[in-house]
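Let's take a look at how two domains of one chain meet, and then at the cysteines. Have the model open as you read.

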Amino acid sequence: MITTKSRRIDLSGFSISIFSLAFGLFMGAILIIIADRDPILGYYTMVESSLSTPQRIGEMVIKITPFALAGLGIAIGFKGGYWNIGAEGQIIIGALSALGLGYFINLPQPLHVTVIMIVGLITGGGWSLISGILKAKLGVNEVLTTLMLNYVAVWLSEYFIVGPWSIAITGETPVFARTVAILDSAKFPKIFPGTRAHLGVIMAMLLPFVIYYLLHRTALGFKIRAVGENPRAARIAGINVSKMILTTSFMSGALAGLAGVSEVLGVHFFLERGFVEGYGYTSIAVATLGGLHPIGTLLSAIFFGFLINGASYMQRGINIPATTVQVFIGLLILSMLMAPIFKKYIIRLVMKEKRTKEIRIEQSGKNGLSIHN
Amino acid sequence: MDEESRISVLMKSIVKSFPGILANDNIDFDLRVGEIHCLIGENGAGKSTLMNILDGLYAPDDGEIFIYGKGVKFHSPRDAINEGVGMIHQHFMLIPNLTVIENIILGFEGSKYISLRKSAKKISEFSSKYGLKIDPYAKVWHLSVGEQQRVEIIKTLYRNAKILILDEPTSVLTPEEVDNVFKILKQLTTEGRSIIFITHKIREALRIGDRITVLRKGKVVGTIDKKEADENVISEMMVGKKLTRIEVSKAELGSKVLELRNVYALNDNKILALRDVSLDVRSGEILGVAGVSGNGQKELAEVIMGLRNRTKGELFINGTLTNKPSPDKMREMGVGYISEDRLNDSVILNFTNAENMILDKIDSWPYSQRGILKINPIDKHARELIYAYDIQTDSPWKPTKTLSGGNIQKLSISRELSRKLKLLIASHPTMGLDIAATQYVREKIVEKKKAGCAILLISEDLDELLSLSDRIAVIYEGSIMRIFESEKADLKEIGLLMAGIKRMD
């Protein structure tokens, strides 16, 4: 009796996600109706336009890529107890190093790209490692330091954009503040003809599996998870906790740095003000929605990428203001993140119903059978 | 007196189930007027459940209760006390910031107006009558554990309890205090009160009980008179099989594996917790540390393990001075640690059992090779430990948080003992384990000793310390009072030292 009861209540995460999505779409529909537009048409446009041509599918996966990479970095950080809020800054630092190397050194393409990726991993990881060292050695809260370092990174990029790497150094008069563009040899190769999908997309799709393997099948991953779950028990068991914090912080930042590299080498080729568009912050939601699971984070990134990409089509399709679309995106993400609350609430409802039923059965069976055998 | 009136409590075919377990399975129990009836059994045998039913905390699923021949149905402890049944719980139900009087009359004020003086007078009467020395106006947090227990006893007497239930009352007391409590209980029975005494210590049951009822797995195994009982009979009834006495041979003592010289350390509140501690443990030796908990045992273990800094003094492992000890360095040197806080210190609740069992061996062969986990050896290791320690779980790959407390303890102990050890720090290794598991863990510890491991055994169980240790150090307020050779140890003197009393000789 007890076992069946718990099995009945065990709603899978998937059905809850579907419920959350439906709830979000419902709220979004209300919003669109308030804006005096047709929600059904809006949603139809969103899906249809995103998937209608290979070129458009390519645009969508390009949007997914930075979320997948930075989200993965955040997920591994959170798993290891390193609360990295600094993906934004790490993306910027990765992008800056990519731009510098992409413009100022000249190598044959495969080598050039490889060097830039490696350096991007190191600079992004190194930027995060600053917070890692402060946490491991001095016990400084990484939430604060990673967040603060974002501002440092933003203003550092500002310096390069208007200063030494500005387009002005080529003699061109800039229309808006931007840097020089990277050399062709530094650009990511395209993977599908007729689309802008680039090498970074492949990495974004494969790395989650690599990281999953790392976390669950290697000693290093085991230790990272142990430290994240219970640092005291990990320490007592002989795991070097500060070393693990340093490792986790580096890996977390490196993946975010790679996201920055991928944006520069694959999509933008130069930097302008605000080029990161808050990806680093959105990726926190990506990782959280993905349950901090590498594969889950990938799925979550696909959802975010599709949503943000598709919402722009919807904006044009049914002609609603951009700000309304922003609210729509916010509503949907909020609804997805509320899944745990829905789960709790629905379970409570189901339990209540079960209990009243049970009491009824118990009362009707009181005189007859014993319930204990 | 006829038969009926000589019985104060009669419980008939009591049944109580919790999700997944049948805690009380058709239990019959009776208590005679003026007797001390011991209820003995392993953890999870159903003793506390049965008594919580009698105290009105739980409602039985089935069965009847008679108090002095009258059928009763309790819905709360208040109902129980109205019929004269009072329970003294293992964890005292006192409010530290209130005075003794306030605690005693709390919830039993009688009227809106409280006369503290009247109450104090009544309390003093009890105090002098039963030798329950207590200051009615003292704040409870000022009192020692023994004194707090006296307050609990007075509290039940104040509520006119004729039937007293004591749940493991001696577990927190020094031997001296135990003697005192036993005297008081005897006196209470001479006045017609009846007492149910829950314990899992056989010797205690034999000392205090008139009759002894043994429970096992929710059923009554039998009730026997004190005259017919001895240790073997009871332990056999409790476990269902004969216990083998552990043979502790004098092992060859080797070199000093652990040595502390004049060590000082602070506790978490920055108060001096270890004062000038000097001791050593040789290979093949078990050094027992006796003391009432909270006297620096935890800090001692943590200092050795490198979890806590020492403020002064020297620590030698295998003859080499360790300057900045850390748990990973200690483990590399072959030190194992069974922490007293197994839930927080020893396991990761969200990890699977198999993962927790290799927490300390993750980098070593055969569990990982070139950094890659080897699932088969990990699985095999887990299955072996689950079998050997009889850990109740469906699978090695179930999260450890699904295990019961006792099984989590077995898991963490099994992991520590499955290492190659030069030094083992064992903090209360058998606390909370049932007899069979206790026996197994003790045998394993002795096995380690025979293999040449040096063992620092911290325990509150004097029987355990005396039967396993070669030497016993008594710790009190962070100081080592004295170190005895086990054969020459005098229980009485150990008790006095544990209470901080140094004999003048």
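## Charge and polar pairing

Between domain 1 of chain B and domain 2 of chain B, the salt bridge count is zero (a side-chain nitrogen of Lys or Arg within 4 Å of a carboxyl oxygen of Asp or Glu). Polar contacts come up empty too: zero residue pairs across this interface, with both residues needed at pLDDT 80 or more. That rule wants a pair of N or O atoms within 3.5 Å, one able to donate a hydrogen and the other to accept it, and residues adjacent in sequence count only if both atoms are side-chain atoms.

A word on the ground rules: this is a predicted model, where local features need pLDDT of at least 70 and side-chain atom pairs 80 or more, while totals for chains, interfaces and linings use all residues. Residues are numbered from 1 along each chain as written, chains are lettered from A and ligands numbered from 1 in written order, and side-chain values use heavy atoms, leaving out hydrogens and water.

## Where the domains meet

Domain 1 of chain B covers 4-239, and domain 2 takes in 245-334 + 454-505; the bounds come from an automatic or database domain assignment. Their centres, over C-alpha atoms, are 35 Å apart.

Seven residues of domain 1 of chain B touch nine of domain 2 of chain B (heavy atoms within 4.5 Å). Together the two domains bury about 610 Å², 57% of it on carbon and sulfur atoms; that's accessible area (1.4 Å probe) lost on being put together, summed over both. On the domain 1 side, B:Thr174, B:Pro175 and B:Glu176 lose the most, together 58% of what that side buries.

## Cysteines

Disulfides number zero over all chains (cysteine sulfur atoms within 2.5 Å). B:Cys38 is buried at 0% relative accessibility, and B:Cys453 is buried at 1%; buried means under 20% relative accessible area (1.4 Å probe, protein chains only).

Technical notes:
Buried means under 20% relative accessible area, exposed over 50%, partly exposed in between (1.4 Å probe, protein chains only).
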